[in-house]
Amino acid sequence: MGRAFEYVILGGGVAAGYAALEFVRRNGGASSQELCIISDEHFAPYERPALSKGYLLPQDAPRLPAFHTCVGSKDELLTEEWYNEHGIVLVLGTRVISADVRQKTLLTSSGETISYKTLIVATGARAVKLEEFGVSGSDARNVCYLRNVEDADKLVGVMRSCPGGNAVVVGGGYIGMECAAALVTNNIKVTMVFPEKHCMGRLFTPKIAEFYESYYASRGVTFVKEAAVTSMQISAGKVTAVNLGNGRRLPADMVVVGVGARANTGLFDGQLVMENGGIKVNGRMQASDASVYAVGDVAAFPVKLFGGDVRRLEHVDCARRTARHAVAAMLEGTGSVGHIDYLPFFYSRVFSLSWQFYGDNAGEAVHFGDLAPPGDGDGAAPKFGAYWVRDGRVAGAFLEGGSRQEYEAVAAAVRRGAAVADVAELERRGLAFATQATGGGGKPTCAWHATVGVAAAVSIAAFACWYGWQAPYVLKRDF
């Protein structure tokens with residue numbers, strides 16, 4: 001028993017939705033059941049960033065279908081009906097247990113064999129569990145991770161069960177910081193524990209981290225840095241305390257774990273070339289087997305901006321861009337679609353803060369603006385940032401509290417590798433170094449990321465309000 005398709009997308013995350021939309025648009029409408037999407041989730045692809053933002057709000061929290069792809073980039077809302085109308089077969093709630101790249105087949109847990117001519121691997125990444133560090137207890141009723149709707153529903157339920165209680169957040173990265181903010185908003189007392197010297201250690205400089213840690217502290221968050229969880233005390237199926245390697249014991253009504261993610265590559269081990277923890281692809285997102293493409297978190301691809309270094313980037317913007325590019329390359333098939341020219345982009349929005357980062361945090365960090373910890377001042381919104389300078393050029397840029405034009409300007413400075421003759425002068429000029437190079441803060445001459453204008457649909461506009469960020473999109477495609 002089995003089915004055969006011309007194209008199969010394996011995975012039902014953000015990348016799958018954007019790939020499907022690109023497929024339909026390039027095919028001029030319906031696909032006549034040429035395309036199949038296989039997902040182990042029970043929902044059509046949705047915007048995962050919503051789970052750590054609007055989904056956790058104490059009031060008026062959005063639920064599906066409000067945040068199906070592709071509303072995160074102010075585009076169409078792709079409900080299950082949309083896929084049906086366009087002849088795309090959704091195989092939901094289905095896990096693929098093995099793949100045979102040579103035979104071009106996928107075997108599902110139900111015993112069905114699905115064959116393809118071309119495969120797009122969009123399997124994403126999985127949350128790293130505490131057990132991988134020798135700590136048991138992930139199955140406790142009040143221990144939460146956050147990768148999908150099921151995880152988010154559990155987190156919401158646990159929060160509601162302990163109003164005013166104590167939460168221990170394990171991990172100081174993206175998930176840890178965004179969940180900590182959500183917990184505070186839900187009147188939960190938060191203690192963050194992580195082994196690094198400061199939060200967001202893979203991206204933030206110590207000075208930038210100090211600002212955010214101080215801001216969180218002003219909202220009641222306690223930080224326990226350079227510490228690791230060694231065990232959890234469990235009673236009646238629930239964690240009651242978290243024990244640290246330094247001897248401290250933290251009371252806990254709930255635990256949220258965000259200690260990293262690993263790409264879901266297991267189905268293709270020994271069949272496709274791997275690099276940097278992902279499936280190695282070329283600039284067309286094509287794997288070592290020409291019938292396979294990989295996109296999103298699972299793809300390790302050459303970044304032109306970094307001299308062709310192969311990177312695996314875990315962020316929604318990368319998932320969207322690589323998915324669109326892979327479909328364009330797959331459907332053209334003649335080589336007319338060039339190699340992806342991606343500007344790495346990361347963002348976050350917590351409390352009343354909002355930052356964006358472009359490029360690479362490699363080289364000398366040059367800070368600008370007022371990074372003083374928040375106090376009892378006039379309540380003015382903070383605005384500060386940093387450039388990373390390598391070999392006399394801007395390699396990366398970070399900006400908190402920028403306007404649309406300012407974000408565009410720093411993105412353009414990174415994209416063109418703006419020359420820096422004097423680091424001290426760069427520090428003195430700060431944001432003006434980027435904005436004045438683009439006409440006094442106007443539209444950059446090379447704006448590769450920008451903010452989308454006003455949405456036509458009320459539902460999409462409402463989504464943007466609680467989604468909490470301004471979605472970047474490509475003004476000029478790289479294919």
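In this predicted model, the lining of the largest cavity is made up, by class, of 8 nonpolar, 1 polar and 1 charged residues. The residues concerned are Tyr174, Met177, Glu178, Met200, Phe204, Tyr212, Tyr216, Ser348, Val350 and Trp355. Glu178 is the charged member of this group and Ser348 the polar one. The space enclosed amounts to about 70 Å³, and the count of cavities of 30 Å³ or more comes to 2.

It is worth a look at where these lining residues come from. Three elements each supply at least two of them: helix 4 (174-185), helix 5 (206-218) and strand 22 (345-350). Helix 4 gives the largest share of the lining, with 3 residues.

Attention now turns to a pair of helices. Two packed helices are described by the angle between their axes and the distance between the axes. For helix 1 (residues 14-27) and helix 6 (residues 316-332), the packing angle is about 35°, and the axes lie 8 Å apart. Their crossing is right-handed.

The contact can be followed residue by residue. On the side of helix 1, Val14, Ala15, Tyr18, Ala19, Glu22, Phe23, Arg26 and Asn27 take part. They meet Val316, Ala319, Arg320, Ala323, Arg324, Val327, Ala328, Met330, Leu331 and Glu332 of helix 6. Sorted by class, this contact between helix 1 and helix 6 holds 12 nonpolar, 1 polar and 5 charged residues. Among the charged ones are Glu22 and Arg26 in helix 1, together with Arg320, Arg324 and Glu332 in helix 6, while Asn27 of helix 1 counts as polar.

Terms used
Residues numbered from 1 in each chain as written. Predicted model: local features only at pLDDT ≥ 70, side-chain atom pairs only at ≥ 80, totals over all residues. Heavy atoms only, no water. Axes fitted to C-alpha atoms, helices over the stretch in contact; angles between N-to-C directions. Helix = DSSP H or I, 4+ residues; strand = E, 2+ residues; numbered from the N terminus. Left-handed = near helix turned anticlockwise from the far one by under 90°. Contact = heavy atoms within 4.5 Å. 1 Å grid on protein atoms, 1.4 Å probe; cavity = no way out; pocket = protein on both sides within 12 Å on 5 of 7 lines; lining within 4 Å. Points joined across faces, edges and corners; volume = space filled by probe spheres on them.
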